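Reader: Please take a close look at one part of this model for me, namely its helix packing, and then follow the thread outward in one connected answer. I would like the geometry set out with care, together with the residues that stand behind it.

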Amino acid sequence: MKITIKHIAQEAGVSTATVSKVINKKDEHISAATVDRIMKIVKEYNYIPNGLASSMVTKKTKTLGLLIPDITNPFFPEIARGVEDKANEENYSVIFCNTDDDLVKEEKCLAMLIEKMVDAIIIVPSAERTKDFNSLKNISIPIVFVDRDLEIDFFTAKVLVDNYEGSYNAVTYLIENEYRKIAFITGPSSTKTSQQRLEGYKKALEDGCIRYDEKYVLEGTFKREWGKQAIQQLIEQKIDFDAVYCGDDIIAIGAMKALKEKGYKIPDDIGVMGYDNIYISELVEPSLSTVRQPNYDMGSKAVSIALEAIDDKQIKGEVTILKTALIIRKSTKKR
Ligand code: HPA
């Protein structure tokens with residue numbers, strides 16, 4: 001027999017409205033003894049409330065929308081895991097969308113999530129989102145930006161990392177270890193992430209008394225293929241380099257493959273430094289020196305803030321900047 005809210009109410013000797021209030025935790029005016037009695041019956045029958053009916057009472061769907069650019073880049077599942085774990089802990093579920101760094105796809109995902117009446121949106125904006133902010137502005141539920149910054153002033157919160165400092169530390173480490181000709185294979189220059197990492201690179205060169213030369217900077221995508229292609233370009237253009245610093249670990253892994261195929265030894269001939277500390281970075285050969293980002297924590301923190309905002313605590317414009325840490329492995333060495 002399918003147990004309904006009516007059965008629970010009859011057995012507890014209360015109205016269905018009272019059961020609904022208890023299940024939806026809107027029970028401030030109901031005695032503790034009645035709440036206990038109802039919950040005992042709910043547990044006894046393993047009663048699972050009808051989500052749609054609950055939503056009508058609470059005006060909440062207990063779902064969050066998560067938009068990320070590319071689930072195949074292991075950096076993003078780590079954020080997604082932080083989002084989902086925290087959301088589940090708070091009895092929320094997550095609807096996930098892959099935008100492929102494509103603005104049109106991102107707009108479609110946003111519209112779909114709003115239609116599904118998610119209670120808040122957590123978004124790593126696509127690389128193509130550089131100036132058209134109208135659709136974001138019109139969103140009336142809390143929206144939390146993660147990882148990639150945008151120049152907007154109508155957000156609920158931003159959870160970011162200090163890309164400038166992480167990049168500065170990585171390049172300074174290379175210079176301190178006597179690397180002098182450091183090529184930088186960056187992600188898309190439209191993202192603040194790439195721009196901030198480039199600024200960190202330039203400042204580290206300046207402080208290390210190395211002249212910045214734009215021929216050492218190759219701008220592309222956050223993808224493995226780009227790492228391979230960029231190494232080919234450096235070699236074809238006969239650019240003399242002794243290290244490659246990469247816009248993320250996936251680029252670095254592509255670059256390492258291309259370097260090995262061309263017969264270079266890492267780190268003896270060329271040092272390689274990544275960024276992100278995705279789990280594969282310690283599994284590749286040689287293991288990759290990189291910058292650790294608190295990916296999981298970014299996701300989890302974004303959910304905490306989103307849930308506070310849903311509960312009407314009016315968080316507007318809170319910016320959290322998390323720290324990075326340098327992880328030294330075998331792809332770099334003292335020269
Ligand atoms: N893409 C890939 N790797 C990254 C990003 C990104 O947006 N941000 C930090 N690491």
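Author: For the packing of two helices, an axis is a line fitted to the C-alpha atoms over the stretch in contact, and the angle between two axes is taken between their N-to-C directions, on a scale from 0 to 180 degrees. With that in hand, and keeping in mind that the model is predicted, one can begin with helix H8 (residues 163-176) and helix H9 (residues 192-207), whose axes lie 7 Å apart and make an angle of about 40°. Angles under 35 degrees would count as roughly parallel, and H8 and H9 are therefore oblique to each other. The crossing in which H8 passes H9 is right-handed. On the H8 side the contact is made by Asn163, Tyr164, Glu165, Gly166, Ser167, Tyr168, Val171, Thr172 and Ile175, while H9 contributes Thr193, Gln196, Arg197, Glu199, Gly200, Tyr201, Lys203, Ala204, Leu205 and Asp207. Sorted by class, the residues of this contact are 7 nonpolar, 7 polar and 5 charged.

One residue of H9 leads from this contact to the ligand: Thr193, which meets H8, also belongs to the surroundings of the ligand. Along with Thr193, the ligand has around it Asn73, Phe75, Asp147, Arg148, Gly187, Thr191, Phe222, Asp248, Asp276 and Gln293. This shell holds 2 nonpolar, 5 polar and 4 charged residues. Because residues of the shell come from both domain 2 (60-162 + 294-323) and domain 3 (163-292), the ligand lies between these two domains. The division of the protein also includes domain 1 (5-49), and the C-alpha centres of domain 1 and domain 2 are 34 Å apart.

Phe75 offers a second route outward, since this residue of the shell is also among the residues of H5 that meet helix H12. H5 and H12 (residues 295-310) pack with their axes 7 Å apart, at an angle of about 40°, and are therefore oblique to each other. Their crossing is right-handed. The H5 side of the contact consists of Phe75, Glu78, Ile79, Ala80, Arg81, Gly82, Val83, Asp85, Lys86 and Ala87, which meet Asn295, Tyr296, Asp297, Met298, Gly299, Ser300, Ala302, Val303 and Ser304 in H12. By class, the residues of the contact of H5 with H12 are 9 nonpolar, 5 polar and 5 charged. In the loop that runs between H5 (75-89) and strand S2 (93-98) lies asparagine 91, a residue other than glycine with a positive phi, near 60°.

A further helix pair involves helix H1 (residues 5-12) and helix H3 (residues 32-44), whose axes come within 10 Å and cross at roughly 130°. That angle makes H1 oblique to H3. H1 passes H3 in a right-handed crossing, and Ile8, Glu11 and Ala12 in H1 meet Arg37, Ile38, Ile41 and Val42 in H3. This contact divides into 5 nonpolar, no polar and 2 charged residues.

Two peptide bonds complete the picture. Most residues other than glycine have a negative phi, and most peptide bonds are trans. The bond joining isoleucine 266 and proline 267, however, is cis, with omega about 10°, and proline 267 is found in the loop between helix H11 (249-261) and strand S9 (271-273). The bond from glutamate 285 to proline 286 is cis as well, with omega near -10°, and proline 286 sits in the loop between S9 and strand S10 (290-292).

Technical notes:
Residues are numbered from 1 along each chain as its sequence is written. This is a predicted model: local features need pLDDT of at least 70, side-chain atom pairs count only at pLDDT 80 or more; totals for chains, interfaces and linings use all residues. A residue is near a molecule or strand if its C-beta atom, placed from the backbone, lies within 6 Å of it. Ala, Val, Leu, Ile, Met, Phe, Trp, Tyr, Cys and Pro count as nonpolar, Asp, Glu, Lys and Arg as charged, and the others, Gly among them, as polar. Domain bounds come from an automatic or database domain assignment. Helices (H or I, at least four residues) and strands (E, at least two) are DSSP runs, numbered from the N terminus. Angles under 35 degrees count as roughly parallel, over 145 as roughly antiparallel, 65 to 115 as roughly perpendicular and the rest as oblique. A crossing is left-handed if the near helix is turned anticlockwise from the far one by less than a right angle, and right-handed if clockwise. Two residues are in contact if their C-beta atoms, placed from the backbone, lie within 7 Å.
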